Amino acid sequence: MISPVHTWVAERTGLGDELSERTLQQWQDKQLKTLIRYARKNSRFYCKKVHENCDLEELPFTSPSDIVADPMAFLAIPQNLVARVTTLANSGTTRLRKRIFFSKADLERTVDFFAAGMSNIVCKGDHVQVLISNRTENSLGSLLQESLRQSGVTADIPGILRTAEQAIEKAKSADCLVGMPAELLYICRKAPELRPKGVLLAADYIPQSVVNSIKETWKCEVFSHYGHTEFGYGCAVDCGQHKGYHLRHTDLLFEVIDPTTGKPAARGERGEIVITTLSNEAMPLIRYRTGHISGFTNEPCDCGSSLSRLGKIEGHSENNIPTGSDYSLCIHHLDELILAIPCVQGFDASLRFGHEMPVLSLTIDSSERPDLNTLASYLPPNIRLELNYSKADPFFRRGKRRIHILEE
């Protein structure tokens with residue numbers, strides 16, 4: 001079956017059976033010009049930076065630090081029309097904060113996209129447990145819950161979960177689970193007897209080892225979602241073929257660039273994902289540098305869609321931590337290696353810098369002592385490894401995966 005996102009794009013653009021890469025690009029070009037006029041008129045940040053007659057590649061980039069410096073400069077509607085304001089850390093740090101604004105119509109478009117994406121995973125009468133977000137009005141969880149309600153699917157948002165045991169108890173009644181990769185892997189290996197029909201991994205980097213493990217253990221379909229708060233949470237989701245992310249083409253324009261030169265990456269080559277909003281009212285963003293690495297796929301999807309898709313999202317460039325002598329460490333690479341070991345339920349990582357060589361300290365939660373030879377061969381030669389075996393429940397300290405930096 002062709003991806004529901006493809007069908008949704010055909011309907012929302014009005015292109016119907018005429019939808020193709022060529023007609024979509026023509027449609028997006030018109031939307032882009034409309035966006036530029038809107039941003040010039042209503043956004044203090046863009047009023048003198050962008051011009052309607054420029055090609056996309058001639059427009060300046062927008063960086064997360066621009067939003068941190070002056071979020072109000074991006075606001076394009078009166079404050080009394082803002083339906084939600086979200087404050088979040090910039091690129092995994094806690095020092096710098098971004099404020100993101102949404103109008104009611106912006107949020108409704110997100111609900112619409114979620115409904116399309118989830119229709120590939122659930123059907124009328126199913127029950128979903130949303131093990132991320134909270135119950136706050138217009139939060140990620142509540143928007144997903146509303147999209148499912150419109151499709152005849154019930155959804156529960158447990159809210160605050162402090163332990164894997166609490167999450168497992170909630171998961172017992174679900175046909176579908178939505179959650180962060182490391183958290184769902186942890187409860188999968190704690191409760192292998194669960195049998196959800198489907199799982200949606202979201203809100204963090206998705207290791208292929210986690211996808212494979214959940215699929216094999218729970219005997220279910222595992223789908224992947226790619227999103228950003230800046231764009232209303234939803235950007236792309238894979239289909240039943242699991243060969244790339246189908247994009248939210250009606251609301252977002254995607255580029256892949258060489259992160260050093262800023263020039264477009266060649267088709268099929270990996271680079272930094274850059275996104276332009278085509279319909280955001282409250283906070284239009286033009287050529288926003290996400291820091292995430294991926295590349296466009298070259299071939300049509302086996303589901304039948306010929307539209308461009310993104311391949312595997314390789315995490316954020318700032319997750320690479322320099323360790324000296326041109327070496328670096330990345331939590332995502334550690335996850336791929338360590339979480340692939342069947343006896344490992346989870347782990348925490350910290351990097352300690354002192355007077356001697358850096359020390360990578362791993363707290364590994366496992367049913368038996370794992371074989372870490374593969375990990376040892378991956379680590380830079382200037383890193384000393386320190387292993388501890390203890391509980392590492394990801395629900396105890398929730399959030400995106402990262403290596404915690406410690407100073408001696």
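Let me start with helices α4 and α5 in this predicted model: helix α4 covers residues 104–118, helix α5 covers residues 140–150, and their axes come within 8 Å and cross at roughly 60°. The two helices are therefore oblique to each other, and their crossing is right-handed. If you want to find the contact on the screen, look on the α4 side for L107, T110, V111, F114, A115 and M118, and on the α5 side for L140, L143, L144, E146, S147, L148 and Q150. Sorted by class, this contact of α4 with α5 has 9 nonpolar, 3 polar and 1 charged residues.

Helix α4 also has a partner in helix α1, residues 4–13, and here the packing angle is about 140°, with the axes 8 Å apart. That angle makes α1 oblique to α4, and α1 passes α4 in a right-handed crossing. On α1 the contacting residues are P4, V5, W8 and R12, while α4 contributes D112, F113, A116 and G117. By class, the contact of α1 with α4 comes out as 5 nonpolar, 1 polar and 2 charged residues.

Moving further along the chain, how do α6 and α7 cross? Helix α6, residues 164–171, and helix α7, residues 181–190, have axes that come within 10 Å and cross at roughly 80°, which makes α6 roughly perpendicular to α7. The contact is made by A164, A167 and I168 from α6, together with Y186, I187 and K190 from α7. In terms of class, this contact of α6 with α7 has 5 nonpolar residues, no polar ones and 1 charged residue.

Let me turn from helix packing to the second largest pocket, which holds about 680 Å³ of space. Its lining is made up of 28 residues, and those that lie nearest the centre of the pocket are Q25, L56, L253, F254 and E255. Which elements each supply at least two residues of this lining? They are helix α2, residues 21–42, and strand β10, residues 252–257, and the largest share, 8 residues, comes from α2. As for the character of the lining of the second largest pocket, its residues divide into 13 nonpolar, 6 polar and 9 charged.

To return to the helices for a moment, the picture I would leave you with is that α4 meets α5 at roughly 60° and packs with α1 at about 140°, whereas α6 and α7 cross at roughly 80°.

Key:
Residues are numbered from 1 along each chain as its sequence is written. This is a predicted model: local features need pLDDT of at least 70, side-chain atom pairs count only at pLDDT 80 or more; totals for chains, interfaces and linings use all residues. Side-chain values use heavy atoms; hydrogens and water are left out. Axes are lines fitted to C-alpha atoms, for helices over the stretch in contact, and angles run from 0 to 180 degrees between N-to-C directions. Helices (H or I, at least four residues) and strands (E, at least two) are DSSP runs, numbered from the N terminus. Angles under 35 degrees count as roughly parallel, over 145 as roughly antiparallel, 65 to 115 as roughly perpendicular and the rest as oblique. A crossing is left-handed if the near helix is turned anticlockwise from the far one by less than a right angle, and right-handed if clockwise. Contact means heavy atoms within 4.5 Å. Ala, Val, Leu, Ile, Met, Phe, Trp, Tyr, Cys and Pro count as nonpolar, Asp, Glu, Lys and Arg as charged, and the others, Gly among them, as polar. On a 1 Å grid over the protein atoms alone, a cavity is a set of points where a 1.4 Å probe fits but cannot get out, and a pocket is an open set with protein on both sides within 12 Å along at least five of seven lines; lining residues have an atom within 4 Å of a point. Grid points are joined across faces, edges and corners, and a volume is the space filled by probe spheres set on the points.
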